[in-house]
Amino acid sequence: MTDERPLLMLDVDGPLNPWAAPGCPPGYRTYVVTGLQVGTLSVWLNPAHGERLQRLPYHLVWATTWMHEANVVVGGRALGLPTLEVIEWTGMHLPDPDGLYWKTRQVVAWAAGRPFAWVDDEIGEADREWVAAHHDAPALLHWVDPRVGLVEEDFVALERWADGLGHGEGRSA
Ligand SMILES: [Mg+2]
């Protein structure tokens, strides 16, 4: 792969769909979607996030239970993103022997030693520690509040972290 940018692993429910908000937040629109993975449900998505994500210095990757449907419903229809690579989970919502979030080991395996940032509403300190010990490249596990979704401060934090990679910073997760 010739793309030298770090990976950005994108969760949908939480970062892009602030499912725990009390109502549809300003700037968001309600989409009723039906898919094999997700069934029929109503989601809130912010059309401006597509352009904002594409301005980030990252190679975008879906890291969501929506899997390939994220490309159609979320990325394509709502956000105007190109088709992105998708992490195809080998198992979902499985208990972890060390209490890690079920995605964590699979995200690290998929990254295969490449630097990555990851936005998700279910990552925590145990995941950060495990990634720092098991991933031989910089990694940023950036929690996003599912009541709020991605905000400008999150995008700025992602930009700063990517900028820092070239200067030897951000290497300890
Ligand atoms: Mg989520």
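The following legends describe close-up views of a predicted model.

**View 1. Aromatic pairs and the cluster around Trp 102.** A search of the whole structure returns three aromatic pairs. In one of them, the ring centres of Trp 89 and Trp 102 lie 5.0 Å apart and the ring planes meet at 75°, so this pair is edge-to-face. An angle over 60 degrees between the planes is what places a pair in that class. Trp 89 and Trp 102 both belong to the loop between β5 (85-86) and α3 (104-111), so their pairing ties together parts of the chain that are 13 residues apart in sequence. Trp 102 also forms an edge-to-face pair with Tyr 101, with 6.0 Å from centre to centre and 70° between the planes. Trp 89, Tyr 101, Trp 102 and Trp 118 together make up one aromatic cluster.

**View 2. Burial of Trp 89, Tyr 101 and Trp 102.** Trp 89 and Trp 102 are both buried. For Trp 102 the relative accessible area is 12%, and for Tyr 101 the relative accessibility is 7%. Tyr 101 therefore counts as buried, the limit for this class being under 20%.

**View 3. The magnesium ion and its donors.** Three residues coordinate the magnesium ion at 2.1 Å: Asp 11 and Asp 121 through OD, and Asp 13 through O. Along the chain, the donors follow the spacing D-x1-D-x107-D. Asp 11 is placed in the loop between β1 (7-10) and β2 (29-35), whereas Asp 121 is placed in the loop between β6 (116-120) and α4 (125-134). These two residues are 110 residues apart and link distant parts of the chain. Both Asp 11 and Asp 121 are buried.

**View 4. Helix α3 and its surroundings.** The buried residues of helix α3 are Thr 104, Gln 106, Val 107, Val 108 and Ala 111. Among the elements that cover them are β1, β6 and α4. Just after the helix, Ala 112 adopts a positive phi of about 50°.

**View 5. The environment of Val 108.** Val 108 is part of helix α3 and has a relative accessible area of 9%, which means that this residue is buried. Apart from neighbours within four places in sequence, Val 108 makes contact with Phe 116, Trp 130, Val 131, His 134 and His 135. Ala 133 is 25 residues from Val 108 in sequence, and the C-alpha atoms of these two residues are 11 Å apart in space.

**View 6. Helix α5 and the elements packed against it.** Helix α5 spans residues 152-165, a run of 14 residues. The distance from its first C-alpha to its last is 20 Å, close to the 20 Å expected at 1.5 Å a residue. Buried positions in α5 are Asp 154, Phe 155, Leu 158, Trp 161, Ala 162, Gly 164 and Leu 165. These buried residues pack against β1, α1 (48-54), β6 and β7 (139-143).

**View 7. Asp 145 and its polar contact with Arg 147.** Asp 145 is found in the loop between β7 and α5. With a relative accessible area of 16%, Asp 145 is buried. The side chain of Asp 145 is joined to that of Arg 147 by a polar contact of 2.8 Å.

Key
Residues are numbered from 1 along each chain as its sequence is written. This is a predicted model: local features need pLDDT of at least 70, side-chain atom pairs count only at pLDDT 80 or more; totals for chains, interfaces and linings use all residues. Side-chain values use heavy atoms; hydrogens and water are left out. Rings of Phe, Tyr and Trp (its six-membered ring) pair if their centres lie within 6.5 Å; planes under 30 degrees apart count as stacked, over 60 as edge-to-face and the rest as tilted. Helices (H or I, at least four residues) and strands (E, at least two) are DSSP runs, numbered from the N terminus. Buried means under 20% relative accessible area, exposed over 50%, partly exposed in between (1.4 Å probe, protein chains only). Donors are N, O and S atoms within 2.8 Å of the metal (3.2 Å for Na, K and Ca); water is not among the atoms, so sites may look incomplete. Contact means heavy atoms within 4.5 Å. The expected span of a helix is 1.5 Å times one less than its number of residues. A polar contact is a pair of N or O atoms within 3.5 Å; within protein, one must be able to donate a hydrogen and the other to accept it, and residues adjacent in sequence count only if both atoms are side-chain atoms.
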